[in-house]
Amino acid sequence: MDLSLALSTILSPVVLFFVLGLGAALARSEMSIPEAFAKGLAIYLMMSIGLKGGVEMSHSAITSQVAMVFGAGLILSFTLPLLAFAFLRLSSKMDRIDAAAAAAHYGSISVVTFVAATQAVKYSGLESSGYLVAVAAVMETPAIITALLLAQRGGAGTKAPVAGSERGELMREVFLNASVVVLVGSLAIGWITGEAGMTRIAPFFVDPFQGVLCLFLLDMGLSAGRGLRRGWRQLDAGAVSFGIYMPLVSAGLAALFALGIGMPAGDAALLITLAASASYIAVPAAMRLALPKAQPSVYLTLSLGITFPFNLTFGLPIYIYLAELVSR
Amino acid sequence: MDLSLALSTILSPVVLFFVLGLGAALARSEMSIPEAFAKGLAIYLMMSIGLKGGVEMSHSAITSQVAMVFGAGLILSFTLPLLAFAFLRLSSKMDRIDAAAAAAHYGSISVVTFVAATQAVKYSGLESSGYLVAVAAVMETPAIITALLLAQRGGAGTKAPVAGSERGELMREVFLNASVVVLVGSLAIGWITGEAGMTRIAPFFVDPFQGVLCLFLLDMGLSAGRGLRRGWRQLDAGAVSFGIYMPLVSAGLAALFALGIGMPAGDAALLITLAASASYIAVPAAMRLALPKAQPSVYLTLSLGITFPFNLTFGLPIYIYLAELVSR
Amino acid sequence: MDLSLALSTILSPVVLFFVLGLGAALARSEMSIPEAFAKGLAIYLMMSIGLKGGVEMSHSAITSQVAMVFGAGLILSFTLPLLAFAFLRLSSKMDRIDAAAAAAHYGSISVVTFVAATQAVKYSGLESSGYLVAVAAVMETPAIITALLLAQRGGAGTKAPVAGSERGELMREVFLNASVVVLVGSLAIGWITGEAGMTRIAPFFVDPFQGVLCLFLLDMGLSAGRGLRRGWRQLDAGAVSFGIYMPLVSAGLAALFALGIGMPAGDAALLITLAASASYIAVPAAMRLALPKAQPSVYLTLSLGITFPFNLTFGLPIYIYLAELVSR
Amino acid sequence: MHQKRRLELIIERMALERAGRILEAAGLTGYTVISAMSGYGGGVRWSRGSDISATQDMVVVISIGSTERVDAALTQLHDLLDDHIGVLNVATVDVMRPELF
Amino acid sequence: MHQKRRLELIIERMALERAGRILEAAGLTGYTVISAMSGYGGGVRWSRGSDISATQDMVVVISIGSTERVDAALTQLHDLLDDHIGVLNVATVDVMRPELF
Amino acid sequence: MHQKRRLELIIERMALERAGRILEAAGLTGYTVISAMSGYGGGVRWSRGSDISATQDMVVVISIGSTERVDAALTQLHDLLDDHIGVLNVATVDVMRPELF
Ligand SMILES: Nc1ncnc2c1ncn2[C@@H]1O[C@H](COP(=O)(O)O)[C@@H](O)[C@H]1O
Ligand SMILES: Nc1ncnc2c1ncn2[C@@H]1O[C@H](COP(=O)(O)O)[C@@H](O)[C@H]1O
Ligand SMILES: Nc1ncnc2c1ncn2[C@@H]1O[C@H](COP(=O)(O)O)[C@@H](O)[C@H]1O
Ligand code: NA
Ligand code: NA
Ligand code: NA
């Protein structure tokens, strides 16, 4: 494993700003980035990667390899929650419903981790394909279905629906949430307008991207640090270690898929990162609707407080290394 | 009419993002762009066009043609509400006060439509002059006066002032609202600092402009779609069709002015767009103060839900075509 | 004194946007830039100057001159409040506690004034060093300690602590507030990643900087104007004049230090500006915790409503002129 | 503890200044305004983030005052609500420093 | 003045639509929602700005209505609070236009 | 329904943590904080968006609790309001689950 590459990933401005935010929150600084501003930046980041992915997709045909990668993404998102659930039930004291809810997060993905990975891949001298943005979008939701089935097997299925709930509200939350709408929409727009449309908007959507990511990750660091400070008491040692070994397990599985499909290193690194990353926006929201009895502080602390920081710092170099291994 | 031009306007990223937002809102997605972020972008857009207009104005003298265009803008803003009011009273079931309030919107202008028009004009290979930003600012308010006179003739004039109201509050709202202050102020600043001042700030105010517009129009789409979902029941068929034929009527009138004055095509397209566009920020606010009994859901749905989407998609290519016709 | 330089500073877009905001607020316009957006921009500005300063510091060794400038900054921040306090007690009717609180602001610094100075210095053809950002960070807090001692001598020290207060809360506010965290953190990140890290993020953190500053200063103008409108009745003539002569006195003292140390003109201008500038974010917050009985409208109106506008318009050219004098 | 009245006025933001003037004219010593995030009325749901004109925003105004002062404001507020969108309620509350209100 | 009931429901934002449907079904003519900035409960402090998922945000729902309508909503809201995070209180208030509620 | 007390404290944001500690120390099980948008007091109007220092921001703290706990907090809050800007009121409300407060 190339240590200098690992170091240069960890010492990139993006990661350092995350660490700054994390440190400030852990030191109980009151500083914050306004929610509205951070949410605006998040939408910017998703538009940007959607557009870039769409433009790239407009260049190249959909090969059978591409189809296989989508298949692999789907399978991973559907099945990783089963593994995660089993691990959590074995290694921690979480009850069925908390474990199911947490498991859903690990089958789904983190857009920001993905974005950071595309940058790390690029600065490692590798190339990646635009369609992986679409794979990311596809991997967001299947895990939720698996988790609901897991929770229901414990008897939650026989219960009456929550008071005031409405058919379709969960579907709307899951398929029409901001990240799906913006990612898929921007992908389509990039694909329709192609290179010509992109050149006009590149000074906004391409050039400042890395810098915006720094600012956004400062906020993520603050958020992760505060989540940790608030929620760490909810997690036993088993849960904490799960937050670190689970992404490695997922990465290993995804690497096998990448090997089987014969993906190039950059693409493999992104698929591995998607598998290893855990959701902390879309899935928590869905879980509040579908499994309101699961404790949000448990799954959020795990996903945002443990796994996200791990992935961003130590995870990414490992995943790139793994990708290079399996794509030789 | 050049179909490929029309298509390229409609399939530009800017319009496609608007359509994305519109679709998401109509599909009942809960996604949103934070209000504070969108309002910040709106101020950015106005500063940018103000500055650019001001710098261009610092280059060129104020000719008699320019003075005539200002005159045309004033006349249009004062008189279009009369037409709009007559049409609404004839073709819809709106009462006098609602019709007067709605009419004010059509005499005034939409800054975002204007901005989108400047981009469409540019990508059509035409040139436009900076002073039209000043014309836009001038056209914002006269329509409000006409509408108040229309409403008063129905007896509203004899009523006591609204409880708690204060002399001058309407004037302040009308002449010192954000869009007037920022547009006129930036125009003046651009004019004072000229090219030299502009080069320093161009990386912020010029280069990313198109991209910011995409993000902003995504929000406008969400806003228009939600307005429609909420308010469409308030509009009868007559009102809905008014929302589409009225901009065409206004455009026709403005085209006659452009022809009479002998304006170049790019400038004519902008004047026509100003006439055709309808306000959905400044005028609604003024109407809440001046005619609080008029229903906001009526005029907002009409202006933002019907006319704005029409102008942005089908309207702009038509107005550019019209401008080319009258400037030959 | 070079009048054309003074004029070009005052007529720069940055200052003109400030004046626009100030004017709009004084004319009672209701326009505003959303708080969340402005706060986001403030963080951007601090990250940007921190990064740039850090990168520059990574190039050059810490000489004994640099150490002396830090020493000068510390001494100024500790002692200027003594002077300010004495002046306020002599020339205005402020009581001990209000005077101590106001004095703290004048020993501390204004980041935005500093930022505007770096731009003015640059466009005057001078060069400045990155480490002055660190000097700015160092000068933020000592003044608070002096002010607390001044207030205590009047008997406030014998009082029981405020109900609900906690040991350490003031320290946290003072040393972990947003501007210290972001400035020092970004400085460190710039220093660690150096030129290489910076090139990737320059399109966001360097190129648009001046433009963002315009937008931010529009907001500062609105804020200063509204502060003035609300608070001017709280200030007598003595206090108002203090808001103007105090920065000049501080500038003079700092100029003597610059002369003694033999600083180059650009650096001297920045040290002088730091001394002359007064805090309006970090210190007011600390004063609410430490001296809640001091009236915020007094110190805020003075610092943000009088001194900040003075520094930005007339102050900066004077400080640059002074710096050139003492560095010959 | 001393009894005072707590007036709570939910009103469209555009009419806020008018409401404020009425409260001030009635001699109320203070009020605090909160911006609403969303709401429902007349069969329609609205929400702040989704209306670019912001014309349909509502705010909640809270004012604690003596019975006389609150009553003095009520007639005028009634008139205001004739023209502007909003609802109003008043409750009896206890305060510690009656001289403030 | 006429007596009505003021229902105040502090509930997690994700359950807001469900609460709204319950209020609407009970025949309440309106409600207003305010977003909370921070809070404390179960020994833990939370605050909006610091949680990127926003899943832990709370909102305050205020609804003025007749005793019957508020009571009609209460059973269902009780059930909702079985599943979702939140607390509820009801007070008696005076209104000027009873026909609105 | 069971009677509890609803404490409403309108206070400057900078003193919020202090107020929170007092409420927690008095044994109150929870509170919710709302940020005010603007206000009027001492003859002066303020509004959040227009003050870059945010030092003059106010917040509204709502806490439902038993009479004993609310009373336990009142003395300390009274002291806090000696130093910090704010006003306070308490009302009687009904709740469904008394064990929560
Ligand atoms: N009964 C009510 N309780 C609380 N808020 C209400 C009530 N009725 C109306 N509102 C608020 O007032 C707004 C306008 O209501 P309406 O005047 O019925 O259209 C609604 O969107 C709510 O925010
Ligand atoms: N007694 C209370 N008074 C006011 N708000 C409360 C109270 N208890 C809980 N809350 C709010 O409900 C949230 C969740 O509380 P809990 O259900 O106790 O975890 C808290 O963060 C507060 O915002
Ligand atoms: N009677 C009151 N009712 C509601 N809010 C008040 C009242 N008095 C003061 N306030 C709030 O407290 C702030 C400071 O008031 P004061 O302490 O009078 O300067 C005001 O701006 C209001 O937000
Ligand atoms: Na995953
Ligand atoms: Na028009
Ligand atoms: Na200073």
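How far from an oxygen atom of ligand 3 is an N or O atom in the side chain of F:W46? Let me begin with the answer, which is 2.6 Å, and then walk outwards from that contact, keeping in mind that what we are looking at is a predicted model.

Ligand 3 lies between chains D and F, and 17 residues surround it, the closest being D:Y31, D:T32, D:I64, F:G42 and F:W46. Besides the contact with F:W46, an oxygen atom of ligand 3 is 2.8 Å from an N or O atom in the side chain of D:T32, and an oxygen atom of the ligand is also 3.2 Å from a polar backbone atom of F:G42. On its own, ligand 3 has 480 Å² of accessible area, and the protein covers 83% of that. If you want to find the shell by its strands, look for β2 (30-35) and β5 (58-65) of chain D, and for β3 (38-41) of chain F, each of which supplies at least two residues. Sorted by class, this shell around ligand 3 holds ten nonpolar residues and seven polar ones, with no charged residues.

Let me now turn to ligand 2, which lies between chains E and F. It has 17 residues around it, of which E:G42, E:W46, F:Y31, F:T32 and F:I64 come nearest. For the polar contacts here I will stay with backbone atoms: a backbone N or O atom of F:I64 lies 2.9 Å from a nitrogen atom of ligand 2, while a polar backbone atom of F:G30 is 3.4 Å from a nitrogen atom of the ligand. On the chain E side, a polar backbone atom of E:Y40 is 3.4 Å from an oxygen atom of ligand 2. Taken alone, this ligand exposes 490 Å², and the protein buries 83% of that area. Its shell draws at least two residues from each of three strands, namely β3 (38-41) of chain E, together with β2 (30-35) and β5 (58-65) of chain F. By class, the shell of ligand 2 contains ten nonpolar and seven polar residues, and again no charged residue is found in it.

Next come the sodium ions, and I will take them one chain at a time.

In chain A, which residues are the protein donors of the sodium ion (ligand 4)? They are A:Y106, A:S108, A:L274, A:A275 and A:S277, each through its O atom, at 2.3 to 2.9 Å from the ion. Along the sequence these donors are spaced Y-x1-S-x165-L-A-x1-S. A:S108 sits in the loop between α5 (96-107) and α6 (111-123) of chain A, and A:S277 in the loop between α13 (265-276) and α14 (282-290), so this pair ties together parts that are 169 residues apart in sequence. Both A:S108 and A:S277 are buried.

In chain B, the sodium ion (ligand 5) is coordinated by the O atoms of B:Y106, B:S108, B:L274, B:A275 and B:S277, at 2.3 to 2.9 Å, and the donors follow the spacing Y-x1-S-x165-L-A-x1-S. Here I would point you to B:S108, in the loop between α5 (96-107) and α6 (111-123), and to B:L274, in helix α13 (residues 265-276), because this pair links parts of chain B that are 166 residues apart in sequence. B:S108 has a relative accessibility of 0%, and therefore counts as buried; B:L274, at 0%, counts as buried too.

In chain C, the sodium ion (ligand 6) has as its protein donors the O atoms of C:Y106, C:S108, C:L274, C:A275 and C:S277, lying 2.3 to 2.9 Å away, with the spacing Y-x1-S-x165-L-A-x1-S along the chain. C:Y106 belongs to helix α5 (residues 96-107) and C:A275 to helix α13 (residues 265-276), so the two tie together parts of chain C that are 169 residues apart in sequence. Are these two residues buried or exposed? C:Y106 counts as buried because its relative accessibility is 1%, and C:A275 is buried as well, with a relative accessible area of 0%.

I will close with two pairs of chains that do not touch. No contact joins chain C and chain E, and their closest C-alpha atoms lie 10 Å apart. Chain B and chain F are likewise joined by no contact, with their closest C-alpha atoms 10 Å apart.

Definitions and conventions: Residues numbered from 1 in each chain as written. Chains lettered and ligands numbered in written order. Predicted model: local features only at pLDDT ≥ 70, side-chain atom pairs only at ≥ 80, totals over all residues. Heavy atoms only, no water. Donors = N, O, S within 2.8 Å, 3.2 Å for Na, K, Ca; no water. Helix = DSSP H or I, 4+ residues; strand = E, 2+ residues; numbered from the N terminus. Buried < 20%, exposed > 50% of the residue type's maximum accessible area, 1.4 Å probe, protein only. Near = heavy atom within 4 Å. Polar contact = N/O pair within 3.5 Å; in protein donor to acceptor, adjacent residues only side chain to side chain. Areas by Shrake-Rupley, 256 points an atom, 1.4 Å probe, with all protein chains shown as cover. Nonpolar A, V, L, I, M, F, W, Y, C, P; charged D, E, K, R; others polar. Contact = heavy atoms within 4.5 Å.
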